[in-house]
Amino acid sequence: MTTTVYARVESPLGELLLVGEATADGTGGVRLRSLSVPGQKGGVAVQDGWRYAPEAFTDVARQLEAYFAGHSTRFDVPLAEGVGTEFQRRVWAVLESIPYGSTVSYGEVAAQVGASGAGVRAVGTAIGRNPLLVVRPCHRVIGADGALRGYAGGLERKKLLLGIEGGAGRSEP
């Protein structure tokens, strides 16, 4: 049995809402289910029955702080299982493989999951439904022409994240 816990963390993107799953007895740690920003398209909102537990997210908050300060290039956070469709999980696995400071195009992601051509739209939709902004780096996916395209948290935040990583330009995976 799990319970949903949440915390809010300040960041250069605004107040982040962290949502996770914890074992009822608290012994299994927390698995991150969502990280969203204010005004995010499709972002979550705190629900009745969720427990405010900032202490459960101490390690995640520390890793986020190090990332935003430019001291960390990756996250080591336990993630909730069973989130998303099988196709979304395949797309999200590609996102997790994009190196810090690098960018790839939507078409390149589509090719990696075997959904090239018209499948690029489906890939864009899957990326847009990524519930773990920043931690699962969907901000590293850009248009084939190098332009910033769609980001559930807003293009200004995408630009800021790429700036932190020094990856505003185009590079191969």
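Which residue in E2 does Val9 stand opposite? In this predicted model, the residue facing Val9 is Leu16 of E2. That contact is one point in the pairing of strand E1, which covers residues 2-9, with E2. The two strands run in the antiparallel sense and are joined over eight bridges. Together E1 and E2 make a hairpin, with six residues lying between the strands. The turn includes Gly14, whose phi is positive, at about 110 degrees.

E2 also pairs with strand E3, which spans residues 30-36. This pairing is again described by the antiparallel sense, and six bridges support it. One residue of E2 that can be followed across to E3 is Gly20, whose bridge partner there is Leu32. E2 thus has pairing with E1 and with E3.

Is E2 largely enclosed or open? Of the eight residues in E2, residues 16-23, seven are buried, so the strand is largely enclosed by the rest of the structure. Buried here means under 20% relative accessible area.

The next topic is the salt bridges. The structure holds eight of them, including one between the side chains of Glu21 and Arg33, with an N to O distance of 2.3 Å. This pair links distant parts of the chain: Glu21 belongs to strand E2 and Arg33 to strand E3, and the two residues are twelve apart. E2 and E3 are therefore connected by this side-chain pair as well as by their bridges, while Arg33 has a relative accessibility of 32% and so counts as partly exposed.

Two further salt bridges can be located along the chain. The side chains of Arg51 and Glu55 meet at 3.8 Å, N to O. The cut-off for a salt bridge is a nitrogen to oxygen distance within 4 Å. Arg51 has 40% relative accessibility and therefore counts as partly exposed. Glu55, at 54%, counts as exposed, because the exposed class begins over 50%.

The other pair is Arg149 and Asp145, whose side chains meet in a salt bridge of 2.8 Å, N to O. Arg149 counts as partly exposed because its relative accessibility is 39%. Asp145 has a relative accessibility of 56%, so this residue counts as exposed.

Technical notes:
Residues are numbered from 1 along each chain as its sequence is written. This is a predicted model: local features need pLDDT of at least 70, side-chain atom pairs count only at pLDDT 80 or more; totals for chains, interfaces and linings use all residues. Side-chain values use heavy atoms; hydrogens and water are left out. Buried means under 20% relative accessible area, exposed over 50%, partly exposed in between (1.4 Å probe, protein chains only). Helices (H or I, at least four residues) and strands (E, at least two) are DSSP runs, numbered from the N terminus. Two strands pair if DSSP finds at least two bridges between them.
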